[in-house]
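Visitor: Please take a close look at one part of this model, the protein surface that faces the RNA, and then place that part in its wider setting.

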Amino acid sequence: MKEKIKKAVTSALLSLGKKLAESDPSRGPAPVLRLERFVVEKPANPAFGHFSTNAAMVFSKDFAPFYAGVGGNKALALAADLAKEMDAPGLFEAIEIKGPGFVNFRVAREAWIETLREIIAAGADYGKGEPTGKRILVEFVSSNPTGPLHVGHGRGAAWGDAVANILAFLGNEVEREYYVNDAGNQINTLGRSLLFRLRNPAPDAEVPDGLYKGLYVLDLSGELKNELPPEFFERPDGELVPALAELGAEKILADMKGDLEHFGLRYDNWFSEKSLYAGGDVARAIETLKKNGHTYERDGALFFKSSDFGDDKDRVLVKSNGDHTYFASDVAYHDNKLKRGHDLLIDLLGADHGGYQARVSAAIQALGHPKEKLKVVLYQLVKLLRGGETVKMSTRAGEFVPFKMVLDEVSPDAARFLYLSQSHDSPIEFDLEAAKAKNRDNPVYYVQYLCARIFQVAKKAEAIFEKHPGPANLDLLREKDEIDLAARLESFPEAVRNAGAGLSPHLLASWLAETAGMFHRYYGEHRMVDENDPELSKARVRLALAVRAIAGRGLSLLGMGVPERMD
RNA sequence: GCGCUCGUAGCUCAAUGGACAGAGCAACAGCCUUCUAAGCUGAAGGUUGAAGGUUCGAAUCCUUCCGGGCGCGCCA
């Protein structure tokens, strides 16, 4: 609808310019307009119509010669002429000039009903994008396999999954990937931590600095002890540590996969850091950087000149002891991702990795990739509350609140909605009590109840419709609320596009909550199913089912279920 | 100190450069013999941290300042 109106405004602008120039050539030629400057938008205030355009204000300077004699506001004069010039039969009920020069459009009821027919025909696919041919890789969570997922990772999981769903719905080829840091120092630390706990099984044993202190290490060491034969532990520490590390990391990884699966999340790839070394990717990436003159040696270490590409300072790739840094494999990893043919990489990182953005961007540029192919999104931290009080874990337990703790208490859908109802760049306070509440405190129920309510009403109506067969006559929808709902549904594709373009699933979450509000209100004021008026009932139920189809699509894009009943 | 980021109702947060800045919670007043009250209605709540600038028009863009969060290792 917005596009239709924009087209009509555009042609009105052009023909008006031509007419004015022809009627008085002394004032100059028809203005050349930078048409990308004006917008057609939905006013916040419904009193200003369904849509409005700022065209008259934006272009009043271009049209100034033709309105030279006009006293007062030239934009208003232009707006009035523009309104007269609009040629769109049947589309508008009213066109009004308001404020500093807005042209406001009220779309005719019949046009909305016609739109509603299209929406119903498209069903849950309404708003689905045409294939773009664009390949997008979304990498998220990617927590090290050295400890359990915590509440913050849950936010990353919900976000990445939703963004991937949305981008796929918009027509892109999307893959979800988890980068497993199974190489490097932290794995060795895990091995040493496990060894320490095997030898010091008392829970309150003082863990030396540099080892993981969380009690999960103790649990894990206990499991390994039970599962492995005694001989396993008899070998020298030099062999035992890496062996423990590998087995421990595998177990932790399996555990994380379990949590994510329970959350309803499936990755396309679990990408191993180790494989980058084994496959020679790290060596090749470093070689390329060297060859292109982006490295230098200092104090026996190999540096990448990331500062040439906007980073604060240069970064070490190979330490003076010969070990590769974490960053070295990350360079190779991003190179690998792009070489796999992805047009866009989305990295979701916790805010504490903020410094990483500049150096990874520098790396892909130095390797010859355009920087536009990488989008790093930082999400702010999550604070867990219980009834308003911060949930704190003891230092000894690892100082993090496990994601599992959330999943044990809260349904995945409720958790997802809470995680997704806020912008990624604002910190979340995740209240377990609110997440468990079954009322308005908990937005997921509000939206899911919408779907359940409509399903139940439609079911109830079936008996009546059997006695009065035939298609619904949507033309019977005459209430303002009904037209508003149709117009609301029409805005769904745009809401999804905005959520996708801004990588902001919370926009879709708010769209759903607002739409649910509109419907619940409508439902409260109008009887939907009435035996004495089966035709009207049919039309209303048809509208309601369209609301359900689209809200249901929105819910599933956010990774949530579409219930038929609440119980 | 430097970099990134945020500052909006009592609280938690929305708001593609647009008109009178919106929701929810909390607090207040109401609605269940009627399709699920997990719902609805009403009233109340604001100098968008401050000051400049750009613009016809700024919560939004630019500059400075104030305040919070995060980061600043040959850790991962």
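Guide: Six elements each supply at least two residues of the surface near RNA strand B: helix H2 (55–59), strand S4 (102–107), helix H6 (185–199), strand S15 (428–431), helix H16 (443–467) and helix H19 (505–525). Helices (H or I, at least four residues) and strands (E, at least two) are DSSP runs, numbered from the N terminus. A residue is near a molecule or strand if its C-beta atom, placed from the backbone, lies within 6 Å of it. This is a predicted model, in which local features need pLDDT of at least 70 and side-chain atom pairs count only at pLDDT 80 or more, while totals for chains, interfaces and linings use all residues. Residues are numbered from 1 along each chain as its sequence is written, and chains are lettered from A and ligands numbered from 1 in the order in which they are written.

H16 gives the largest share of the surface near RNA strand B, eight residues. Of the 68 residues around the strand, Glu41, Ser52, Asp299, Gly355 and Ser423 come nearest. By class, this surface has 25 nonpolar, 26 polar and 17 charged residues; Ala, Val, Leu, Ile, Met, Phe, Trp, Tyr, Cys and Pro count as nonpolar, Asp, Glu, Lys and Arg as charged, and the others, Gly among them, as polar.

Helix H2 also holds alanine 56. Alanine 56 is buried because 27 other C-beta atoms lie within 10 Å; the cut-offs are 20 or more for buried, 12 or fewer for exposed, and partly exposed in between, with C-beta atoms placed from the backbone. Beyond its neighbours within four places in sequence, alanine 56 is in contact (C-beta atoms, placed from the backbone, within 7 Å) with Ala75, Leu78, Ala79, Leu82, Gly101 and Val103. Leucine 82, with the same neighbours within four places set aside, is in contact with Ala12, Leu13, Leu16, Ala55, Ala56 and Val103.

Ala56 and Leu82 are among the residues that touch the most other members of the largest nonpolar core, which has 154 residues. Helix H20 (residues 534–557) supplies the largest share of this core, twelve residues. Such a core is a set of buried Ala, Val, Leu, Ile, Met, Phe, Trp, Tyr and Cys residues joined through C-beta atoms within 7 Å.

For the wider setting, chain A has 20 helices and 15 strands, and 41% of its 567 residues count as buried. Its C-alpha trace spans about 95 × 70 × 40 Å along the principal axes.

Terms used. Contact = placed C-beta atoms within 7 Å.
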